[in-house]
Amino acid sequence: GGNLKIGGTGGTFIVNEDGSVEILGPEGSTKYAAKELEDAYRFQILLEYDGLTVFLNRSDNCTVTCKVYDNAVDITDKVLAQTGSEFKWSKSLDSTWTPTYVKDVGGKEIPNKILITHEDVERNASFAWAVAFDETKFTT
């Protein structure tokens, strides 16, 4: 236990025992950038999968779901509903690949859910993802 204090004449960066962070100005009392630091790590994008971890049959597949969190609160549905938001998927070494999206009960593609197939696993495919949305629409 204890604090970690890094600083000098320009200011001090302190990590307290409870994990909180303080950024102090040169005089040692004015706090700077606390909100900016918090906002920098505010959003997280995580992948979850359901289905198999070992593919035994050619028909085997699993669903990979991209989720967006705002300060540990799942906001994926709000991002999906936001006009102009986009979930982007790409597959290594295959610029022509188009994701196979999971579909809802009405047959509409769900842009944050894709299928990974036996062939993908067999070929050691790797995937990349990105999410574009208007962060200013979410408040802490």
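Arg123 is exposed, with a relative accessible area of 61%. In this predicted model, Arg123 pairs with Glu119 in a salt bridge whose closest N and O atoms are 3.3 Å apart. Glu119 itself counts as partly exposed, because its relative accessibility is 39%, which lies between the 20% limit for buried residues and the 50% limit for exposed ones.

Salt bridges that share partners also join Glu48, Lys67 and Asp74 into one network. Within this network, the side chains of Glu48 and Lys67 meet in a salt bridge, at 3.5 Å from N to O. This pair links distant parts of the chain: Glu48 belongs to strand 4 (residues 43-51) and Lys67 to strand 5 (residues 61-70), and the two are 19 residues apart. Lys67 forms a salt bridge with Asp74 as well, where the closest N and O atoms are 3.7 Å apart.

The members of the network can also be described by their accessibility. Glu48 counts as partly exposed because its relative accessibility is 35%. Asp74, at 38% relative accessibility, is likewise partly exposed. Lys67, which takes part in the salt bridges with Glu48 and Asp74, has a relative accessibility of 21% and therefore counts as partly exposed, since buried means under 20%.

The structure holds 5 salt bridges, among them the three pairs listed below.

| Salt bridge | N to O distance |
|---|---|
| Glu48 and Lys67 | 3.5 Å |
| Asp74 and Lys67 | 3.7 Å |
| Glu119 and Arg123 | 3.3 Å |

In general, side chains of opposite charge can pair when their charged atoms come close.

Technical notes
Residues are numbered from 1 along each chain as its sequence is written. This is a predicted model: local features need pLDDT of at least 70, side-chain atom pairs count only at pLDDT 80 or more; totals for chains, interfaces and linings use all residues. Side-chain values use heavy atoms; hydrogens and water are left out. A salt bridge is a side-chain nitrogen of Lys or Arg within 4 Å of a carboxyl oxygen of Asp or Glu. Helices (H or I, at least four residues) and strands (E, at least two) are DSSP runs, numbered from the N terminus. Buried means under 20% relative accessible area, exposed over 50%, partly exposed in between (1.4 Å probe, protein chains only).
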